[in-house]
Amino acid sequence: MKLLITVVASIFLWCSSVSSASAQDVSYYGFEPDITTNYLKEGNDYRLGFIRVAIEVMVPDPSYISVVEHHAPLLRNAFVSILSTATERQVRTMTGRDQLRLKCVERAQELMQQETGNPVIRDVIFTKYIYQ
């Protein structure tokens, strides 16, 4: 009897996870090539540091990929502007990195709202993050 209940519960959980997975059919668009820019290092010598970031954006519907692709130069420019004005502390710390990512999400949603009337982008993901 316990085995039957376990099997029925497992089937129920599997079915509910399959239906929720299909309800959230997200897609991703990756910007190629990686974004490479500089940031100002702190201190008296005003040396430049370099950052290289691979960025992917998450969209809630696969049909939005073509919209993001069409506006990719605008989005890429926004990402470069945000990353190039970052401080050394933002670039080197986890909290700073997350702040930069959230700024990218916010700015991308603003731009897409202006251009299409829909924020389109759900999230921005840094898949590669290298600084020197």
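**View A. Histidine 71 sits in the loop between helix 2 (65-70) and helix 3.** The model shown here and in the other views is predicted. Is histidine 71 buried or exposed? Its relative accessibility is 13%, so histidine 71 counts as buried; the cut-off for buried is under 20%. Setting aside neighbours within four places in sequence, histidine 71 is in contact with Met112, Glu115 and Thr116.

**View B. Helix 3 (residues 72-84) crosses helix 5 (residues 94-116).** Two packed helices are described by the angle between their axes and the distance between those axes. Here the axes come within 10 Å. They cross at roughly 145°. The crossing of helix 3 past helix 5 is right-handed. Which residues make the contact? Helix 3 contributes Leu74, Leu75, Ala78, Phe79, Ile82 and Leu83. Helix 5 contributes Leu100, Lys103, Cys104, Arg107, Ala108, Leu111, Met112 and Glu115. By type, the contact residues divide into eleven nonpolar, no polar and three charged.

**View C. The largest nonpolar core has 29 residues.** Which residues have the most contacts inside this core? They are Ile55, Leu75, Phe79, Ile121, Val124 and Phe126. Leu75 and Phe79 also belong to the helix 3 side of the contact with helix 5. Several elements give two or more residues to the core. These are strand 2 (35-40), strand 3 (48-59), helix 3, helix 5 and strand 4 (123-131).

**View D. Isoleucine 121 and the residues it touches.** Residues up to four places away in sequence are not counted here. Isoleucine 121 touches Val57, Met58, Val59, Val68 and Leu75. It also touches Ala108, Gln109 and Met112. Of these partners, Ala108 and Met112 are among the helix 5 residues in contact with helix 3, and Met112 is in contact with histidine 71.

**View E. Arginine 101 is placed in helix 5.** Why is arginine 101 classed as buried? Its relative accessible area is 18%, and buried means under 20%. Not counting residues up to four places away in sequence, arginine 101 touches Asp123, Val124 and Phe126. Val124 and Phe126 are among the core residues with the most contacts.

**View F. Model confidence along the protein chain, given as pLDDT.** The chain averages a pLDDT of 85. At least 70 is reached by 82% of the residues. Over residues 2-10 the pLDDT is below 50. Beyond near neighbours in sequence, residues 2-10 have zero contacts in the model. Residues 17-23 also have a pLDDT below 50, with zero contacts beyond near neighbours in sequence.

Terms used:
Residues are numbered from 1 along each chain as its sequence is written. This is a predicted model: local features need pLDDT of at least 70, side-chain atom pairs count only at pLDDT 80 or more; totals for chains, interfaces and linings use all residues. Side-chain values use heavy atoms; hydrogens and water are left out. Axes are lines fitted to C-alpha atoms, for helices over the stretch in contact, and angles run from 0 to 180 degrees between N-to-C directions. Helices (H or I, at least four residues) and strands (E, at least two) are DSSP runs, numbered from the N terminus. A crossing is left-handed if the near helix is turned anticlockwise from the far one by less than a right angle, and right-handed if clockwise. Contact means heavy atoms within 4.5 Å. Ala, Val, Leu, Ile, Met, Phe, Trp, Tyr, Cys and Pro count as nonpolar, Asp, Glu, Lys and Arg as charged, and the others, Gly among them, as polar. Buried means under 20% relative accessible area, exposed over 50%, partly exposed in between (1.4 Å probe, protein chains only). A nonpolar core is a set of buried Ala, Val, Leu, Ile, Met, Phe, Trp, Tyr and Cys residues joined through side-chain atoms within 4.5 Å. pLDDT is the predictor's confidence in each residue, from 0 to 100.
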